[in-house]
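Okay, everyone, I'll put the model up on the screen and then talk you through a few spots in it. Shout if you want me to stop and rotate.

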Amino acid sequence: MADWKNLDQLDSYKALVEDPTRVDLRSALAGEPGGQRVRDYSVPMAGGLSFNYAARQVDDGILQKLDALAKESQLAEKFAELYNGAMVNTGEKRLVLHHLTRGQLGDPVIAEGVDKRAFYVEQQERIAAFAKRVHAGEVTNAAGEPFTTVVQIGIGGSDLGPRAVYLALENWARAEGELKMEARFISNVDPDDAVGVLSTIDVAHSLFILVSKSGTTLETLTNEAFVKDALVKAGLNPADHMVAVTSQTSPLAQNSGYLAAFFMDDHIGGRYSSTSAVGGAVLSLAFGPEVFAAFLDGAAAMDKLSATAEPLENPAMLDALIGVYERNILGYECTAVLPYSQALSRFPAHLQQADMESNGKSVNRFGEPVDYVTGPVLFGEPGTNGQHSFYQLLHQGKNIVPLQFVGFRQNQSGTDVLIEGSSSQQKLGANVAAQIVAFACGKDDDDPNKRFDGGRPSSIIIGERLTPESLGALLSHFENKIMFQGFLWNLNSFDQEGVQLGKVLAKRVLAHNTDGALAVYSELLGI
Ligand code: F6P
(Lines give C-alpha, C1' and ligand atoms only; values in the text may rest on other atoms or scores of the structure.)
Protein backbone atom coordinates (compact mmCIF):
# COMPACT_ATOMS: atom_id res chain seq x y z
CA MET A 1 0.00 0.00 0.00
CA ALA A 2 1.34 3.44 -0.92
CA ASP A 3 2.05 5.92 1.84
CA TRP A 4 0.05 9.12 1.18
CA LYS A 5 2.08 12.02 2.54
CA ASN A 6 1.97 15.76 2.06
CA LEU A 7 4.56 17.15 -0.36
CA ASP A 8 6.34 19.09 2.39
CA GLN A 9 6.85 15.93 4.47
CA LEU A 10 9.08 14.40 1.81
CA ASP A 11 12.90 14.58 2.17
CA SER A 12 13.32 14.78 -1.59
CA TYR A 13 11.05 17.84 -1.65
CA LYS A 14 13.06 19.45 1.17
CA ALA A 15 16.20 18.80 -0.90
CA LEU A 16 14.63 20.71 -3.78
CA VAL A 17 13.61 23.59 -1.50
CA GLU A 18 17.20 23.84 -0.25
CA ASP A 19 18.77 23.62 -3.72
CA PRO A 20 19.69 27.18 -4.80
CA THR A 21 20.06 26.19 -8.51
CA ARG A 22 18.05 28.36 -10.86
CA VAL A 23 18.59 27.31 -14.46
CA ASP A 24 19.22 30.31 -16.70
CA LEU A 25 17.45 29.43 -19.93
CA ARG A 26 19.26 32.19 -21.82
CA SER A 27 22.56 30.40 -21.39
CA ALA A 28 21.11 26.87 -21.33
CA LEU A 29 19.72 27.32 -24.84
CA ALA A 30 22.60 29.40 -26.24
CA GLY A 31 24.79 28.24 -29.13
CA GLU A 32 25.58 24.64 -30.05
CA PRO A 33 25.22 23.28 -26.49
CA GLY A 34 21.72 24.78 -26.55
CA GLY A 35 20.95 22.89 -29.77
CA GLN A 36 22.26 19.69 -28.20
CA ARG A 37 20.05 20.26 -25.16
CA VAL A 38 17.00 20.49 -27.45
CA ARG A 39 17.99 17.14 -28.97
CA ASP A 40 18.63 15.51 -25.59
CA TYR A 41 15.78 16.76 -23.43
CA SER A 42 13.11 14.86 -25.28
CA VAL A 43 11.18 11.72 -24.45
CA PRO A 44 8.95 9.67 -26.77
CA MET A 45 5.22 9.54 -26.13
CA ALA A 46 2.56 7.26 -27.63
CA GLY A 47 0.74 8.14 -30.86
CA GLY A 48 3.99 9.23 -32.56
CA LEU A 49 4.30 12.26 -30.24
CA SER A 50 7.33 13.38 -28.27
CA PHE A 51 7.65 15.57 -25.20
CA ASN A 52 10.48 18.07 -25.45
CA TYR A 53 11.37 19.85 -22.21
CA ALA A 54 14.63 21.54 -23.24
CA ALA A 55 13.17 24.98 -22.56
CA ARG A 56 11.88 24.10 -19.09
CA GLN A 57 13.91 25.47 -16.19
CA VAL A 58 15.63 22.23 -15.21
CA ASP A 59 19.08 20.69 -15.58
CA ASP A 60 20.44 17.21 -14.91
CA GLY A 61 20.86 17.94 -11.20
CA ILE A 62 17.27 19.17 -10.77
CA LEU A 63 15.99 16.25 -12.86
CA GLN A 64 17.78 13.84 -10.54
CA LYS A 65 16.09 15.45 -7.56
CA LEU A 66 12.70 15.27 -9.32
CA ASP A 67 13.39 11.60 -10.02
CA ALA A 68 13.95 11.09 -6.29
CA LEU A 69 10.75 13.02 -5.54
CA ALA A 70 8.74 10.77 -7.87
CA LYS A 71 10.12 7.70 -6.17
CA GLU A 72 9.68 8.92 -2.60
CA SER A 73 6.17 10.08 -3.47
CA GLN A 74 5.52 6.59 -4.93
CA LEU A 75 3.89 7.98 -8.05
CA ALA A 76 4.08 4.72 -10.00
CA GLU A 77 2.78 2.70 -7.04
CA LYS A 78 -0.12 5.11 -6.54
CA PHE A 79 -1.05 4.92 -10.21
CA ALA A 80 -0.95 1.11 -9.99
CA GLU A 81 -3.24 1.21 -6.95
CA LEU A 82 -5.60 3.49 -8.85
CA TYR A 83 -5.86 1.33 -11.97
CA ASN A 84 -6.11 -1.83 -9.89
CA GLY A 85 -9.26 -0.47 -8.29
CA ALA A 86 -8.27 1.15 -4.96
CA MET A 87 -10.70 3.75 -3.60
CA VAL A 88 -8.56 6.73 -4.61
CA ASN A 89 -11.47 9.21 -4.69
CA THR A 90 -11.65 9.42 -0.91
CA GLY A 91 -14.06 12.38 -0.79
CA GLU A 92 -16.81 10.61 -2.71
CA LYS A 93 -15.71 7.11 -1.72
CA ARG A 94 -15.41 6.04 -5.35
CA LEU A 95 -12.88 4.25 -7.51
CA VAL A 96 -11.18 6.11 -10.36
CA LEU A 97 -11.68 3.99 -13.45
CA HIS A 98 -11.48 6.15 -16.58
CA HIS A 99 -8.33 4.28 -17.71
CA LEU A 100 -10.45 1.12 -17.94
CA THR A 101 -12.54 2.70 -20.69
CA ARG A 102 -9.56 2.32 -23.02
CA GLY A 103 -7.65 -0.69 -21.74
CA GLN A 104 -6.85 -3.02 -18.88
CA LEU A 105 -3.62 -1.83 -17.29
CA GLY A 106 -3.69 -4.17 -14.30
CA ASP A 107 -5.93 -6.66 -12.53
CA PRO A 108 -9.61 -7.01 -13.37
CA VAL A 109 -11.56 -4.45 -11.31
CA ILE A 110 -14.78 -5.78 -9.87
CA ALA A 111 -17.19 -3.23 -8.36
CA GLU A 112 -20.91 -3.54 -7.68
CA GLY A 113 -20.43 -7.20 -8.63
CA VAL A 114 -19.40 -6.30 -12.19
CA ASP A 115 -16.11 -6.51 -14.08
CA LYS A 116 -15.77 -2.83 -14.89
CA ARG A 117 -13.64 -3.17 -18.03
CA ALA A 118 -16.25 -5.59 -19.42
CA PHE A 119 -19.02 -3.11 -18.53
CA TYR A 120 -17.33 -0.20 -20.34
CA VAL A 121 -16.58 -2.36 -23.39
CA GLU A 122 -20.19 -3.55 -23.44
CA GLN A 123 -21.36 0.08 -23.52
CA GLN A 124 -18.91 0.86 -26.35
CA GLU A 125 -20.25 -2.09 -28.30
CA ARG A 126 -23.85 -1.00 -27.73
CA ILE A 127 -22.95 2.52 -28.90
CA ALA A 128 -21.08 1.16 -31.94
CA ALA A 129 -24.05 -0.99 -32.95
CA PHE A 130 -26.44 1.95 -32.52
CA ALA A 131 -24.19 4.32 -34.49
CA LYS A 132 -23.90 1.82 -37.32
CA ARG A 133 -27.70 1.48 -37.46
CA VAL A 134 -28.05 5.26 -37.62
CA HIS A 135 -25.44 5.47 -40.40
CA ALA A 136 -27.11 2.64 -42.28
CA GLY A 137 -30.46 4.44 -42.14
CA GLU A 138 -31.98 1.75 -39.91
CA VAL A 139 -32.65 4.22 -37.10
CA THR A 140 -34.46 7.16 -38.66
CA ASN A 141 -36.87 9.93 -37.82
CA ALA A 142 -40.61 9.23 -37.85
CA ALA A 143 -40.76 9.97 -41.58
CA GLY A 144 -38.16 7.27 -42.23
CA GLU A 145 -35.49 9.84 -43.18
CA PRO A 146 -31.87 9.59 -42.00
CA PHE A 147 -30.37 11.66 -39.22
CA THR A 148 -27.64 13.95 -40.50
CA THR A 149 -26.70 15.95 -37.39
CA VAL A 150 -26.00 14.92 -33.82
CA VAL A 151 -26.38 17.47 -31.02
CA GLN A 152 -24.91 16.86 -27.58
CA ILE A 153 -26.69 18.50 -24.64
CA GLY A 154 -24.46 18.56 -21.54
CA ILE A 155 -22.16 20.80 -19.52
CA GLY A 156 -18.73 20.61 -17.85
CA GLY A 157 -17.25 17.18 -18.42
CA SER A 158 -20.35 16.21 -20.37
CA ASP A 159 -19.49 18.92 -22.89
CA LEU A 160 -15.91 20.20 -22.83
CA GLY A 161 -13.94 17.01 -23.53
CA PRO A 162 -16.29 15.58 -26.18
CA ARG A 163 -16.57 18.98 -27.86
CA ALA A 164 -12.78 19.51 -27.84
CA VAL A 165 -12.25 16.03 -29.30
CA TYR A 166 -14.95 16.48 -31.94
CA LEU A 167 -13.46 19.78 -33.09
CA ALA A 168 -9.98 18.25 -33.01
CA LEU A 169 -11.02 15.55 -35.48
CA GLU A 170 -13.68 17.27 -37.59
CA ASN A 171 -11.34 18.44 -40.36
CA TRP A 172 -9.26 15.29 -40.17
CA ALA A 173 -12.49 13.30 -40.71
CA ARG A 174 -13.52 15.51 -43.62
CA ALA A 175 -10.13 15.01 -45.27
CA GLU A 176 -10.26 11.25 -44.69
CA GLY A 177 -13.90 10.86 -45.76
CA GLU A 178 -14.83 9.77 -42.22
CA LEU A 179 -17.31 12.50 -41.30
CA LYS A 180 -20.58 10.60 -40.92
CA MET A 181 -22.62 13.28 -39.13
CA GLU A 182 -21.94 16.86 -38.14
CA ALA A 183 -21.97 17.41 -34.39
CA ARG A 184 -23.13 20.47 -32.48
CA PHE A 185 -23.16 21.15 -28.74
CA ILE A 186 -25.53 22.94 -26.39
CA SER A 187 -24.15 23.54 -22.91
CA ASN A 188 -24.89 26.97 -21.45
CA VAL A 189 -28.17 27.58 -19.65
CA ASP A 190 -28.20 30.91 -21.47
CA PRO A 191 -31.19 30.39 -23.80
CA ASP A 192 -29.20 32.02 -26.59
CA ASP A 193 -26.95 28.96 -26.71
CA ALA A 194 -29.80 26.54 -27.47
CA VAL A 195 -31.51 29.05 -29.76
CA GLY A 196 -28.25 29.64 -31.62
CA VAL A 197 -27.71 25.93 -32.27
CA LEU A 198 -31.36 25.14 -33.01
CA SER A 199 -31.57 27.96 -35.52
CA THR A 200 -28.70 26.57 -37.59
CA ILE A 201 -29.70 22.89 -37.71
CA ASP A 202 -32.50 20.96 -39.34
CA VAL A 203 -34.22 19.58 -36.22
CA ALA A 204 -36.23 17.03 -38.22
CA HIS A 205 -32.93 15.31 -39.15
CA SER A 206 -31.16 15.82 -35.83
CA LEU A 207 -30.46 13.31 -33.13
CA PHE A 208 -29.98 14.80 -29.66
CA ILE A 209 -27.82 13.15 -27.02
CA LEU A 210 -28.66 14.18 -23.49
CA VAL A 211 -25.50 13.66 -21.44
CA SER A 212 -25.46 13.94 -17.70
CA LYS A 213 -23.66 11.56 -15.39
CA SER A 214 -25.73 12.64 -12.39
CA GLY A 215 -28.93 13.23 -14.33
CA THR A 216 -29.61 16.21 -12.08
CA THR A 217 -27.63 19.11 -13.59
CA LEU A 218 -29.99 22.07 -13.84
CA GLU A 219 -28.46 23.56 -17.01
CA THR A 220 -28.65 20.26 -18.88
CA LEU A 221 -32.19 19.40 -17.81
CA THR A 222 -33.29 22.92 -18.74
CA ASN A 223 -31.70 22.61 -22.19
CA GLU A 224 -33.31 19.22 -22.67
CA ALA A 225 -36.71 20.79 -22.00
CA PHE A 226 -35.80 23.62 -24.38
CA VAL A 227 -34.93 21.18 -27.17
CA LYS A 228 -38.00 19.00 -26.55
CA ASP A 229 -40.14 22.10 -26.78
CA ALA A 230 -38.53 22.98 -30.13
CA LEU A 231 -39.12 19.45 -31.40
CA VAL A 232 -42.78 19.52 -30.36
CA LYS A 233 -43.22 22.93 -32.00
CA ALA A 234 -41.80 21.42 -35.19
CA GLY A 235 -44.45 18.69 -35.01
CA LEU A 236 -41.93 16.02 -33.98
CA ASN A 237 -42.01 13.51 -31.14
CA PRO A 238 -38.98 14.14 -28.86
CA ALA A 239 -38.75 10.43 -28.01
CA ASP A 240 -37.89 9.71 -31.67
CA HIS A 241 -34.97 12.16 -31.57
CA MET A 242 -33.26 11.70 -28.23
CA VAL A 243 -30.82 9.31 -26.67
CA ALA A 244 -29.35 9.54 -23.18
CA VAL A 245 -25.92 8.97 -21.69
CA THR A 246 -25.90 8.79 -17.93
CA SER A 247 -24.93 6.63 -14.96
CA GLN A 248 -27.14 3.67 -14.18
CA THR A 249 -28.05 5.12 -10.80
CA SER A 250 -29.19 8.51 -12.15
CA PRO A 251 -32.86 9.54 -12.48
CA LEU A 252 -32.41 9.65 -16.27
CA ALA A 253 -31.63 5.94 -16.39
CA GLN A 254 -35.22 5.17 -15.40
CA ASN A 255 -36.71 7.47 -18.05
CA SER A 256 -38.28 5.71 -21.02
CA GLY A 257 -38.52 8.83 -23.20
CA TYR A 258 -35.34 8.05 -25.19
CA LEU A 259 -34.56 6.01 -28.29
CA ALA A 260 -31.68 4.43 -26.39
CA ALA A 261 -29.66 4.92 -23.21
CA PHE A 262 -25.92 4.30 -22.77
CA PHE A 263 -24.13 4.17 -19.47
CA MET A 264 -21.02 5.18 -17.60
CA ASP A 265 -20.83 5.05 -13.82
CA ASP A 266 -19.86 6.97 -10.71
CA HIS A 267 -16.27 5.74 -10.90
CA ILE A 268 -15.60 7.96 -13.92
CA GLY A 269 -15.27 11.65 -13.11
CA GLY A 270 -17.09 13.99 -15.49
CA ARG A 271 -13.86 15.67 -16.63
CA TYR A 272 -12.29 12.27 -17.29
CA SER A 273 -15.29 10.92 -19.21
CA SER A 274 -14.37 11.70 -22.85
CA THR A 275 -13.28 8.10 -23.39
CA SER A 276 -16.45 6.69 -21.78
CA ALA A 277 -19.96 6.66 -23.24
CA VAL A 278 -20.01 10.43 -22.62
CA GLY A 279 -17.61 10.99 -25.52
CA GLY A 280 -18.28 7.64 -27.15
CA ALA A 281 -21.83 8.33 -28.27
CA VAL A 282 -21.28 11.65 -30.02
CA LEU A 283 -17.88 10.70 -31.45
CA SER A 284 -19.04 7.31 -32.74
CA LEU A 285 -22.06 8.94 -34.36
CA ALA A 286 -19.98 11.74 -35.89
CA PHE A 287 -17.00 9.71 -37.09
CA GLY A 288 -17.95 6.06 -36.80
CA PRO A 289 -17.00 3.57 -34.05
CA GLU A 290 -13.67 2.66 -35.70
CA VAL A 291 -12.40 6.22 -35.37
CA PHE A 292 -13.50 6.33 -31.73
CA ALA A 293 -11.69 3.00 -31.19
CA ALA A 294 -8.49 4.45 -32.71
CA PHE A 295 -8.77 7.43 -30.35
CA LEU A 296 -9.10 5.00 -27.41
CA ASP A 297 -6.08 3.03 -28.65
CA GLY A 298 -3.96 6.19 -28.60
CA ALA A 299 -5.08 6.91 -25.03
CA ALA A 300 -4.47 3.29 -23.95
CA ALA A 301 -0.92 3.34 -25.35
CA MET A 302 -0.18 6.56 -23.49
CA ASP A 303 -1.69 5.16 -20.28
CA LYS A 304 0.66 2.21 -20.58
CA LEU A 305 3.63 4.54 -20.93
CA SER A 306 2.37 6.54 -17.94
CA ALA A 307 2.63 3.37 -15.84
CA THR A 308 6.42 3.27 -16.40
CA ALA A 309 8.16 3.62 -13.04
CA GLU A 310 11.17 5.54 -14.43
CA PRO A 311 10.19 9.24 -14.26
CA LEU A 312 12.56 10.35 -17.01
CA GLU A 313 11.04 7.81 -19.41
CA ASN A 314 7.49 8.62 -18.42
CA PRO A 315 6.41 11.88 -20.13
CA ALA A 316 3.25 12.46 -18.08
CA MET A 317 5.13 11.91 -14.81
CA LEU A 318 8.04 14.08 -15.92
CA ASP A 319 5.72 16.88 -17.04
CA ALA A 320 3.92 16.66 -13.68
CA LEU A 321 7.18 16.80 -11.71
CA ILE A 322 8.50 19.79 -13.62
CA GLY A 323 5.10 21.50 -13.19
CA VAL A 324 5.24 21.01 -9.41
CA TYR A 325 8.83 22.32 -9.39
CA GLU A 326 7.67 25.43 -11.27
CA ARG A 327 4.69 25.92 -8.97
CA ASN A 328 6.16 25.14 -5.56
CA ILE A 329 9.87 25.95 -5.88
CA LEU A 330 9.96 28.64 -8.56
CA GLY A 331 6.61 30.10 -7.45
CA TYR A 332 4.94 30.43 -10.87
CA GLU A 333 1.19 30.80 -10.45
CA CYS A 334 -0.21 30.09 -13.89
CA THR A 335 0.36 27.88 -16.86
CA ALA A 336 -0.78 28.25 -20.45
CA VAL A 337 -1.55 25.57 -23.02
CA LEU A 338 -0.81 26.84 -26.52
CA PRO A 339 -1.63 24.41 -29.31
CA TYR A 340 -0.29 25.46 -32.70
CA SER A 341 -3.19 23.63 -34.29
CA GLN A 342 -6.56 25.22 -34.97
CA ALA A 343 -8.17 21.81 -34.49
CA LEU A 344 -7.21 22.00 -30.80
CA SER A 345 -9.07 25.29 -30.34
CA ARG A 346 -11.18 23.98 -27.42
CA PHE A 347 -8.48 21.74 -25.94
CA PRO A 348 -7.29 24.44 -23.49
CA ALA A 349 -10.90 24.92 -22.32
CA HIS A 350 -11.16 21.20 -21.67
CA LEU A 351 -7.85 21.18 -19.80
CA GLN A 352 -9.02 24.13 -17.75
CA GLN A 353 -11.73 21.95 -16.24
CA ALA A 354 -9.58 18.83 -16.12
CA ASP A 355 -6.75 20.58 -14.29
CA MET A 356 -8.43 23.27 -12.21
CA GLU A 357 -11.41 21.19 -11.07
CA SER A 358 -9.00 18.37 -10.14
CA ASN A 359 -6.21 20.19 -8.37
CA GLY A 360 -7.72 23.53 -7.32
CA LYS A 361 -7.83 22.36 -3.69
CA SER A 362 -6.59 23.58 -0.30
CA VAL A 363 -7.02 20.42 1.75
CA ASN A 364 -5.29 17.09 1.27
CA ARG A 365 -6.98 13.80 0.53
CA PHE A 366 -7.67 13.39 4.28
CA GLY A 367 -9.38 16.78 4.51
CA GLU A 368 -6.45 18.50 6.27
CA PRO A 369 -5.26 21.96 5.12
CA VAL A 370 -1.98 21.92 3.17
CA ASP A 371 0.73 24.53 3.65
CA TYR A 372 1.84 24.76 0.04
CA VAL A 373 0.34 25.98 -3.21
CA THR A 374 -1.47 23.49 -5.42
CA GLY A 375 -2.93 23.59 -8.96
CA PRO A 376 -1.99 26.55 -11.18
CA VAL A 377 -4.41 28.81 -13.02
CA LEU A 378 -4.59 27.42 -16.55
CA PHE A 379 -5.55 29.22 -19.73
CA GLY A 380 -4.76 28.99 -23.41
CA GLU A 381 -5.59 29.69 -27.01
CA PRO A 382 -4.37 28.24 -30.26
CA GLY A 383 -1.34 29.83 -31.87
CA THR A 384 -0.77 31.94 -33.77
CA ASN A 385 -3.95 33.72 -32.60
CA GLY A 386 -2.70 33.92 -29.00
CA GLN A 387 0.43 35.73 -30.22
CA HIS A 388 -1.76 38.65 -31.27
CA SER A 389 -3.56 38.67 -27.95
CA PHE A 390 -1.96 37.89 -24.57
CA TYR A 391 1.64 37.04 -25.58
CA GLN A 392 2.67 40.64 -24.81
CA LEU A 393 2.22 39.87 -21.11
CA LEU A 394 3.86 36.48 -21.51
CA HIS A 395 6.97 38.10 -23.05
CA GLN A 396 7.27 41.30 -21.05
CA GLY A 397 4.80 41.16 -18.16
CA LYS A 398 5.76 40.83 -14.50
CA ASN A 399 4.49 37.24 -14.21
CA ILE A 400 6.45 34.32 -15.56
CA VAL A 401 4.00 31.82 -17.01
CA PRO A 402 5.32 28.36 -17.93
CA LEU A 403 3.99 27.42 -21.35
CA GLN A 404 2.94 24.14 -22.88
CA PHE A 405 3.13 24.24 -26.67
CA VAL A 406 1.71 21.56 -28.94
CA GLY A 407 2.68 21.41 -32.63
CA PHE A 408 2.49 19.11 -35.65
CA ARG A 409 4.64 18.80 -38.74
CA GLN A 410 1.63 18.29 -41.03
CA ASN A 411 -1.81 19.83 -41.09
CA GLN A 412 -4.98 17.75 -41.09
CA SER A 413 -6.56 18.79 -44.36
CA GLY A 414 -3.53 18.25 -46.58
CA THR A 415 -4.41 21.54 -48.27
CA ASP A 416 -1.92 24.41 -48.23
CA VAL A 417 -0.56 27.28 -50.32
CA LEU A 418 2.91 28.66 -50.93
CA ILE A 419 3.06 32.37 -50.25
CA GLU A 420 6.37 34.26 -50.14
CA GLY A 421 8.29 31.01 -50.38
CA SER A 422 6.68 29.11 -47.53
CA SER A 423 3.49 27.19 -46.88
CA SER A 424 1.01 28.15 -44.16
CA GLN A 425 2.00 25.03 -42.24
CA GLN A 426 5.65 26.11 -42.38
CA LYS A 427 4.69 29.57 -41.15
CA LEU A 428 2.82 27.97 -38.25
CA GLY A 429 5.81 25.80 -37.33
CA ALA A 430 8.22 28.71 -37.72
CA ASN A 431 6.17 30.72 -35.28
CA VAL A 432 6.17 28.11 -32.56
CA ALA A 433 9.95 27.52 -32.90
CA ALA A 434 10.49 31.29 -32.77
CA GLN A 435 8.27 31.73 -29.73
CA ILE A 436 10.03 29.03 -27.69
CA VAL A 437 13.42 30.66 -28.29
CA ALA A 438 12.11 34.20 -27.84
CA PHE A 439 10.54 33.27 -24.50
CA ALA A 440 13.61 31.40 -23.29
CA CYS A 441 16.45 33.55 -24.61
CA GLY A 442 14.94 37.04 -24.85
CA LYS A 443 16.79 39.92 -26.48
CA ASP A 444 18.77 42.80 -25.08
CA ASP A 445 18.03 46.37 -26.17
CA ASP A 446 19.12 49.79 -25.02
CA ASP A 447 15.47 50.78 -24.96
CA PRO A 448 13.95 49.01 -21.92
CA ASN A 449 10.58 49.07 -23.65
CA LYS A 450 11.99 46.86 -26.39
CA ARG A 451 13.95 44.57 -24.05
CA PHE A 452 12.97 40.92 -23.64
CA ASP A 453 14.31 39.45 -20.41
CA GLY A 454 13.82 35.87 -21.56
CA GLY A 455 14.04 33.11 -18.96
CA ARG A 456 10.43 32.15 -19.65
CA PRO A 457 10.08 28.38 -19.65
CA SER A 458 8.12 26.20 -22.03
CA SER A 459 7.89 22.67 -23.32
CA ILE A 460 6.47 21.33 -26.53
CA ILE A 461 4.65 18.18 -27.52
CA ILE A 462 5.42 17.51 -31.18
CA GLY A 463 3.69 15.08 -33.52
CA GLU A 464 3.50 14.29 -37.21
CA ARG A 465 -0.20 15.00 -37.63
CA LEU A 466 -3.21 15.29 -35.33
CA THR A 467 -5.06 11.98 -35.82
CA PRO A 468 -7.42 9.96 -33.60
CA GLU A 469 -4.42 8.04 -32.16
CA SER A 470 -2.25 11.07 -31.46
CA LEU A 471 -5.22 12.95 -30.00
CA GLY A 472 -5.97 10.03 -27.66
CA ALA A 473 -2.33 10.04 -26.56
CA LEU A 474 -2.42 13.80 -26.01
CA LEU A 475 -5.56 13.58 -23.88
CA SER A 476 -4.15 10.75 -21.79
CA HIS A 477 -0.88 12.65 -21.30
CA PHE A 478 -2.64 15.60 -19.70
CA GLU A 479 -5.07 13.47 -17.68
CA ASN A 480 -2.18 11.47 -16.25
CA LYS A 481 -0.05 14.56 -15.67
CA ILE A 482 -2.89 16.05 -13.60
CA MET A 483 -3.26 12.78 -11.69
CA PHE A 484 0.48 12.65 -10.86
CA GLN A 485 0.41 16.28 -9.72
CA GLY A 486 -2.54 15.46 -7.46
CA PHE A 487 -0.49 12.58 -5.99
CA LEU A 488 2.47 14.92 -5.39
CA TRP A 489 0.27 17.50 -3.67
CA ASN A 490 -1.51 14.67 -1.79
CA LEU A 491 -4.90 15.89 -3.02
CA ASN A 492 -8.01 14.02 -3.97
CA SER A 493 -8.05 15.12 -7.63
CA PHE A 494 -11.32 13.35 -8.32
CA ASP A 495 -14.01 15.25 -6.44
CA GLN A 496 -15.19 18.86 -6.94
CA GLU A 497 -16.86 20.16 -3.79
CA GLY A 498 -15.86 23.69 -4.81
CA VAL A 499 -18.65 23.84 -7.39
CA GLN A 500 -21.44 23.14 -4.89
CA LEU A 501 -21.93 26.39 -2.96
CA GLY A 502 -22.75 28.43 -6.06
CA LYS A 503 -25.30 25.83 -7.15
CA VAL A 504 -27.04 25.93 -3.74
CA LEU A 505 -27.21 29.73 -3.71
CA ALA A 506 -28.54 29.83 -7.29
CA LYS A 507 -31.35 27.51 -6.21
CA ARG A 508 -32.16 29.84 -3.34
CA VAL A 509 -32.31 32.78 -5.74
CA LEU A 510 -34.68 30.89 -8.03
CA ALA A 511 -36.86 29.97 -5.04
CA HIS A 512 -36.82 33.65 -3.96
CA ASN A 513 -35.41 32.55 -0.64
CA THR A 514 -32.84 35.35 -0.33
CA ASP A 515 -31.81 38.25 1.86
CA GLY A 516 -28.99 40.79 2.12
CA ALA A 517 -26.45 40.91 -0.68
CA LEU A 518 -27.90 37.88 -2.46
CA ALA A 519 -31.33 39.51 -2.56
CA VAL A 520 -29.97 42.75 -4.00
CA TYR A 521 -27.78 41.06 -6.62
CA SER A 522 -30.83 38.98 -7.65
CA GLU A 523 -32.90 42.14 -7.93
CA LEU A 524 -30.20 43.86 -10.02
CA LEU A 525 -30.26 40.90 -12.41
CA GLY A 526 -34.02 41.09 -12.75
CA ILE A 527 -34.86 37.73 -11.16
O1 F6P B 1 -20.43 21.45 -11.85
C2 F6P B 1 -19.43 20.53 -11.91
C3 F6P B 1 -19.83 19.21 -12.50
O4 F6P B 1 -20.23 18.34 -11.49
C5 F6P B 1 -18.68 18.65 -13.29
O6 F6P B 1 -17.75 18.01 -12.53
C7 F6P B 1 -19.37 17.82 -14.30
O8 F6P B 1 -18.53 17.52 -15.36
C9 F6P B 1 -20.54 18.70 -14.66
O10 F6P B 1 -20.90 19.30 -13.44
C11 F6P B 1 -21.70 18.02 -15.33
O12 F6P B 1 -22.24 17.02 -14.53
P13 F6P B 1 -23.27 15.96 -15.10
O14 F6P B 1 -22.60 15.16 -16.15
O15 F6P B 1 -23.64 15.12 -13.90
O16 F6P B 1 -24.47 16.68 -15.64
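Ala 131 is buried, since its relative accessible area comes out at 0%. You'll find Ala 131 in helix H6, which covers residues 116–135. Now, which residues does Ala 131 touch once we drop everything up to four places away in sequence? The list is Ser 284, Leu 285 and Pro 289. And while we're on that stretch, take Ala 286: in sequence Ala 131 and Ala 286 are 155 residues apart, but C-alpha to C-alpha they are 8.6 Å apart in space. Bear in mind that this is a predicted model, and every value I quote is computed from it.

Let me zoom out for a second. The protein chain has 18 helices and 15 strands. Its C-alpha trace spans about 70 × 60 × 55 Å along the principal axes. On the radius of gyration, a compact globule of 527 residues would be near 24 Å, and the chain has 24 Å, so the two agree. Buried residues account for 54% of the 527. As for how the chain connects to itself, take the contacts between residues at least 6 apart in sequence: 74% of those join residues at least 24 apart.

Next, the core. In soluble globular proteins, nonpolar side chains tend to be buried together. Here the largest nonpolar core has 149 residues, and Phe 208 and Phe 405 have the most contacts inside it. Helix H16, residues 468–489, gives the most to this core, with 11 residues. If you click on Phe 208 and ignore its neighbours within four places in sequence, you'll see contacts that include Val 151, Ile 153, Leu 198 and Ile 201. Further along, Phe 208 also meets Val 227, Leu 231, His 241, Met 242 and Val 243, among others.

Let's stay with H16, and pick two residues from it. Asn 480 lies in this helix. Is Asn 480 buried or exposed? It counts as buried, because its relative accessibility is 0%. Leaving out residues up to four places away in sequence, Asn 480 touches Phe 79, His 99, Met 302, Asp 303, Ser 306 and Ala 316.

Phe 484 is in H16 too. Phe 484 is buried, given a relative accessible area of 0%. With the sequence neighbours up to four places away set aside, Phe 484 touches Leu 75, Phe 79, Ser 306, Asn 314, Ala 316, Met 317 and Ala 320. So you can pick out Phe 79, Ser 306 and Ala 316 in the contacts of Asn 480 and also in those of Phe 484. For a pair that sits apart, try Phe 484 and Gln 396: they are 88 residues apart along the chain, and their C-alpha atoms are separated by 31 Å.

Okay, empty space. Rolling a probe the size of a water molecule over the atoms shows where empty space is left. How many cavities of 30 Å³ or more does the structure hold? There are 3. The largest cavity contains about 130 Å³ of space. It is lined by 16 residues, with Gly 323, Glu 326, Thr 335, Pro 376 and Lys 481 nearest its centre. Helix H12 (315–329), strand E10 (334–340), strand E12 (403–408) and H16 are the elements that give two or more residues to that lining. By class, the lining has 6 nonpolar, 5 polar and 5 charged residues.

The second largest cavity has a volume of about 60 Å³. Its lining includes Thr 335, Val 337, Asp 355, Phe 478 and Lys 481. The elements with two or more residues there are E10, H13 and H16, and H16 has the largest share, 3 residues. That lining divides into 5 nonpolar, 2 polar and 2 charged.

Last stop, the largest pocket, with a volume of about 1000 Å³. Of its 40 lining residues, Ser 214, Thr 217, Gln 496, Val 499 and Lys 503 are closest to its centre. Helices H9 (218–233), H13 (347–359) and H17 (500–510) each give two or more residues to the lining. Which of the elements has the largest share? That would be H17, with 6 residues. As for chemistry, the lining has 13 nonpolar, 17 polar and 10 charged residues.

That's my tour, so over to you for questions.

Note on methods:
Residues are numbered from 1 along each chain as its sequence is written. This is a predicted model: local features need pLDDT of at least 70, side-chain atom pairs count only at pLDDT 80 or more; totals for chains, interfaces and linings use all residues. Side-chain values use heavy atoms; hydrogens and water are left out. A nonpolar core is a set of buried Ala, Val, Leu, Ile, Met, Phe, Trp, Tyr and Cys residues joined through side-chain atoms within 4.5 Å. Buried means under 20% relative accessible area, exposed over 50%, partly exposed in between (1.4 Å probe, protein chains only). Helices (H or I, at least four residues) and strands (E, at least two) are DSSP runs, numbered from the N terminus. Contact means heavy atoms within 4.5 Å. On a 1 Å grid over the protein atoms alone, a cavity is a set of points where a 1.4 Å probe fits but cannot get out, and a pocket is an open set with protein on both sides within 12 Å along at least five of seven lines; lining residues have an atom within 4 Å of a point. Grid points are joined across faces, edges and corners, and a volume is the space filled by probe spheres set on the points. Ala, Val, Leu, Ile, Met, Phe, Trp, Tyr, Cys and Pro count as nonpolar, Asp, Glu, Lys and Arg as charged, and the others, Gly among them, as polar. The radius of gyration is taken over C-alpha atoms; the globule rule is 2.2 Å times the number of residues to the power 0.38.
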